[in-house]
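Here's a quick look at the cysteines and at a strand that carries one of them. Have the model open while you read.

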Amino acid sequence: MNLKKHIANHVRGIPRSGIRDFFEVVQSMDDVISLGIGEPDFDTPWHIREAAIYSLEQGRTGYTSNLGLPKLREAIADYVAKNFRVKYDPKTEVIVTVGVSEAIDLALRAVINPGDEVLYHEPCYVSYSPSTLLAHGVPVSIPTFAADNFRLTARELEKKISPSSKVLMLNFPCNPTGATQTRAELAKIAALCVRHDLIVLTDEIYSELTYDGAEHASIASFPGMRERTVFLHGFSKAFAMTGWRIGYACAPAMLTDAMMKIHQYAIMCAATTAQDAALEALEHGARDVERMRREYELRRNYIVSRFNEIGLDCFQPFGSFYVFPKISGTGLSSQEFSLRLLKEKKVAVVPGTAFGPSGEGHVRACFATSLEQIKTAMERIGEFVKKAAK
C-alpha cells in the first residue's frame with residue numbers, strides 16, 4: 001500500500017521542525033550542555049504546584065467550560081488590563097487554550113480562507129509558517145536585521161502588503177532574536193494595519209521577561225487595534241510552566257467565538273488541574289516572575305559579553321531568554337557551526353536557519369540554564385571558534 005499518496009498534500013509539504021530534528025542528534029549523545037531548547041531551568045514555583053495538588057485532592061478532574069474556568073478568565077482579564085492596558089470581557093472575550101501554540105492555531109484557522117496571506121517577521125518562532133500552511137494560508141516573511149536591532153519596521157512591512165494580505169503576526173519580545181519593539185514603531189505598524197484592514201495576532205509570551213528597564217507595549221493597546229487584534233499569551237516562559245500546556249487568547253467576542261468553535265471540537269477544554277495552577281500563578285506569582293527575570297538578566301549580561309569577547313558579534317537582547325550571535329565570520333554555515341560545535345565540544349545551539357532563511361549566519365543560544373553551565377559552554381565555544389579560525 002502506498003501510504004504517501006494518502007497524506008494530505010498541504011501536510012506532506014511541511015518540513016519537520018528544524019529544532020526538533022537537531023535535538024534528536026543531541027539526545028543521542030552524553031554530557032552535552034544544551035543552550036538549545038527554550039525552557040526555563042527553574043522548577044514551577046512550589047505554591048503553583050501545590051495548588052495543582054490540592055485541585056487533584058479535591059477531585060477537580062472533570063471538564064470545564066470550553067472557554068475555561070470562569071475564575072481563571074476573570075483573573076486573565078484583570079492581568080491583561082493591568083499589565084497591557086487592554087480591557088476584555090472575561091465572559092465572552094477570553095479563551096483558555098492548551099498552550100499558546102493552540103491559541104495560534106485556533107486564531108489562524110478562525111480567520112484564514114485558502115489563499116489569504118499571513119505576514120510575519122523573520123527570524124521567527126518555528127511554527128508561524130507551518131501553522132499558516134495548515135490553515136491553508138500563504139506565509140509571507142519579512143526579514144529583520146541586526147542593524148535594526150531585529151525590529152520589524154513599518155517601512156519593510158508596507159513593502160510586503162498586498163491585496164491578499166489578511167493577517168499580521170507579531171512576536172515581541174522575539175524568539176529567537178530577543179528583539180523588542182518601540183512604541184513609535186508600533187504606532188506606525190498599527191496605522192498600516194488599520195489602513196489595510198489587517199487582523200493582528202500578537203504573541204507576547206515573553207512580555208514579562210524584559211531587561212534594562214525596557215518598556216513592553218502591546219499593539220492591542222493602540223488606537224483602532226483592540227477591535228482587530230488577537231492577544232496571545234500564556235504561562236510557559238515567565239512562570240516556568242512549559243509542561244503544564246496552558247495559554248490563552250483575548251479578542252473581540254466574534255473572534256473568540258469563532259476560535260471556541262474549533263477548540264470545542266478539537267480539544268474540548270484545557271486540563272482542569274493546569275487551569276487551577278494558572279489561577280494561582282496569576283494571583284500570587286508576581287514575585288517568582290521577578291526573581292527569575294533578574295536571574296535571566298544576569299545570565300544575559302554574561303553570555304552577550306562572552307560571545308563578543310570570543311569574536312562572535314552578539315546583539316544584546318532587550319527581552320526573552322535568547323541571544324542570536326553572528327557566526328558567519330567563522331566561514332561556517334549555521335548548520336555546520338551547530339553540528340560541529342555539538343560533535344567537537346558537546347555544546348548544543350540551534351542553527352539560525354531553523355527560524356527561517358534570514359537566520360543564516362546566526363545561531364540561537366538560550367540562557368535559561370544555570371550560569372555555571374553557561375560559563376562552561378562559553379569556554380568550549382571559545383575553544384571551538386579559535387580552532388575554526390585556524
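C366 can't form a disulfide in this predicted model, because its sulfur sits 13 Å from the closest cysteine sulfur, in C314, and a disulfide needs the two sulfur atoms within 2.5 Å. C193 isn't in a disulfide either: the nearest cysteine sulfur there belongs to C174, 16 Å away. The overall count for the model is zero disulfides.

Are these two cysteines buried or exposed? C366 is buried, with a relative accessible area of 3%, and C193 is buried too, at 0%. Here they are side by side:

| Cysteine | Nearest cysteine sulfur | Relative accessible area |
|---|---|---|
| C193 | C174, 16 Å | 0% |
| C366 | C314, 13 Å | 3% |

Now for the strand around C366. Strand β12 covers residues 363–366. In a regular strand, side chains alternate between the two faces of the sheet. In β12, V363 and A365 point one way, while R364 and C366 point the other way. All four of these residues are buried, R364 included.

Which strands pair with β12? One is β9 (residues 322–323), which runs antiparallel to β12 and is joined to it by two bridges. That's where C366 comes back in, as the bridge partner of Y322. Another is β11 (residues 350–351), also antiparallel to β12 and also paired over two bridges. On that side, V350 has R364 as its bridge partner in β12.

So C366 has no disulfide, because C314's sulfur is too far off for a bond, but C366 does have a bridge partner in Y322.

How values were computed: Residues are numbered from 1 along each chain as its sequence is written. This is a predicted model: local features need pLDDT of at least 70, side-chain atom pairs count only at pLDDT 80 or more; totals for chains, interfaces and linings use all residues. Side-chain values use heavy atoms; hydrogens and water are left out. Buried means under 20% relative accessible area, exposed over 50%, partly exposed in between (1.4 Å probe, protein chains only). Helices (H or I, at least four residues) and strands (E, at least two) are DSSP runs, numbered from the N terminus. Two strands pair if DSSP finds at least two bridges between them.
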